[in-house]
Amino acid sequence: WIPGRNLPLEPYGIVLGDHMEFEIIFYIIFVTLLGIATLSWPVFGRVSMGRIEKRIMADGLPRPCDWDGAGFRIILYVGALTIPKFMFNEHDEEPGKVNPKLVNKYAKTYDRVLAWVFLSTLIGFTGMGLAMAPLGLVE
C-alpha cells in the first residue's frame with residue numbers, strides 16, 4: 001500500500017478505483033475540519049471571548065487584550081486557554097497582552113472546550129492542507 005494510492009477499502013464496500021478512495025476520504029475530512037474551524041472561530045469569539053471580557057471588566061479590571069478589527073486576538077485567547085500554564089512567563093501579564101492567568105480565572109469549562117475544538121480543527125485542516133502536495137493530491 002502506497003499513501004495516496006490504492007487505499008484498501010473494498011472490504012468495506014467502497015470501490016472507486018485506483019486512488020480515488022483516498023482522495024475522497026481525504027477531502028471529506030479536510031472540508032469537515034475546515035467547516036468546523038470556520039464555524040468555531042466566530043462562535044468562540046462571540047460567546048466565550050465576549051463573556052470572559054465582560055466578566056473581567058465587570059470586576060473593574062481592564063480588557064485583557066486591545067481590540068482588533070480582524071479578530072486575531074481570538075488566537076491569543078485560545079492559546080491562553082489551551083497552552084499549559086507553565087509555558088507562560090511574567091511578561092505575559094503586562095498590560096495590553098492576554099493574561100493567561102486572568103483569562104483562565106474567568107473562563108468556564110465550555111470556553112475551554114470551544115477553545116480546544118477550534119485549535120484542534122485549525123491544526124488538523126492546516127496539516128492536511130500542507131500534506132496535499134506530498135501525497136500527490138495537488139499538482
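Here are some worked exercises on the predicted model shown above.

Before you start, know that this is a predicted model, in which local features need pLDDT of at least 70, side-chain atom pairs count only at pLDDT 80 or more, and totals for chains, interfaces and linings use all residues. Residues are numbered from 1 along each chain as its sequence is written, and side-chain values use heavy atoms, with hydrogens and water left out.

**Exercise 1: the overall layout**

Task: Find out how many helices and strands the protein has, and what share of its residues is buried.

Solution:
- Step 1. Look for DSSP runs, numbered from the N terminus: H or I of at least four residues for a helix, E of at least two for a strand. You get four helices and zero strands, in the order α-α-α-α along the sequence.
- Step 2. Check burial, where buried means under 20% relative accessible area, exposed over 50%, and partly exposed in between (1.4 Å probe, protein chains only). Of the 139 residues, 35% are buried.
- Step 3. Turn to contacts, meaning heavy atoms within 4.5 Å. Among those with a separation of 6 or more, 65% are between residues 24 or more positions apart.

**Exercise 2: who holds on to Asp111?**

Task: Place Asp111 in its helix, then work out which side chain shares a salt bridge with it.

Solution:
- Step 1. Asp111 belongs to helix 4 (residues 109–131). Because its relative accessible area is 0%, Asp111 counts as buried.
- Step 2. List its contacts, skipping residues up to four places away in sequence: Phe44, Ser48, Arg51, Ile52 and Leu81.
- Step 3. Now try polar contacts, which are pairs of N or O atoms within 3.5 Å; within protein, one must be able to donate a hydrogen and the other to accept it, and residues adjacent in sequence count only if both atoms are side-chain atoms. The side chain of Asp111 has one with the side chain of Ser48, at 2.7 Å.
- Step 4. Finally, a salt bridge needs a side-chain nitrogen of Lys or Arg within 4 Å of a carboxyl oxygen of Asp or Glu. Arg51 fits, with the closest N and O atoms 2.5 Å apart. This pair joins helix 4 to helix 1, across 60 residues of chain. Arg51 counts as partly exposed because its relative accessibility is 24%.

**Exercise 3: a salt-bridge network**

Task: Count the salt bridges and say which residues are linked in a network.

Solution:
- Step 1. The count is three.
- Step 2. Glu53 meets Arg63 in a salt bridge of 3.4 Å, N to O. Glu53 is in helix 1 and Arg63 in the loop between helix 1 and helix 2, so this bridge ties together parts ten residues apart in sequence.
- Step 3. Glu53 also forms a salt bridge with Arg73, at 2.3 Å from N to O. Arg73 lies in helix 2, so here the parts tied together are 20 residues apart in sequence.
- Step 4. Put those together and you have a network of Glu53, Arg63 and Arg73. Glu53 and Arg73 are both buried, while Arg63 is partly exposed at 32% relative accessibility.

**Exercise 4: rings in pairs**

Task: Count the aromatic pairs and describe how Phe26 and Tyr27 meet.

Solution:
- Step 1. Rings of Phe, Tyr and Trp (its six-membered ring) pair if their centres lie within 6.5 Å; planes under 30 degrees apart are stacked, over 60 edge-to-face, and the rest tilted. That gives four pairs.
- Step 2. The centres of Phe26 and Tyr27 are 5.9 Å apart and their planes stand at 90°, so this pair is edge-to-face.
- Step 3. Phe30 and Phe125 are edge-to-face too, at 6.2 Å and 75°. They connect helix 1 with helix 4, 95 residues apart, and both are buried.
- Step 4. Trp41, Phe72 and Phe118 are linked into a cluster by ring pairs.

**Exercise 5: the nonpolar core**

Task: Identify which helix gives the most to the largest nonpolar core.

Solution:
- Step 1. A nonpolar core is a set of buried Ala, Val, Leu, Ile, Met, Phe, Trp, Tyr and Cys residues joined through side-chain atoms within 4.5 Å.
- Step 2. The largest has 18 residues, and Phe44, Ile52, Tyr77, Leu81 and Val103 touch the most other members.
- Step 3. Helix 1, helix 2 (73–82), helix 3 (100–106) and helix 4 each give two or more residues. Helix 2 gives the most, with five.
- Step 4. Apart from this core lies another of nine residues, including Phe22 and Met132.
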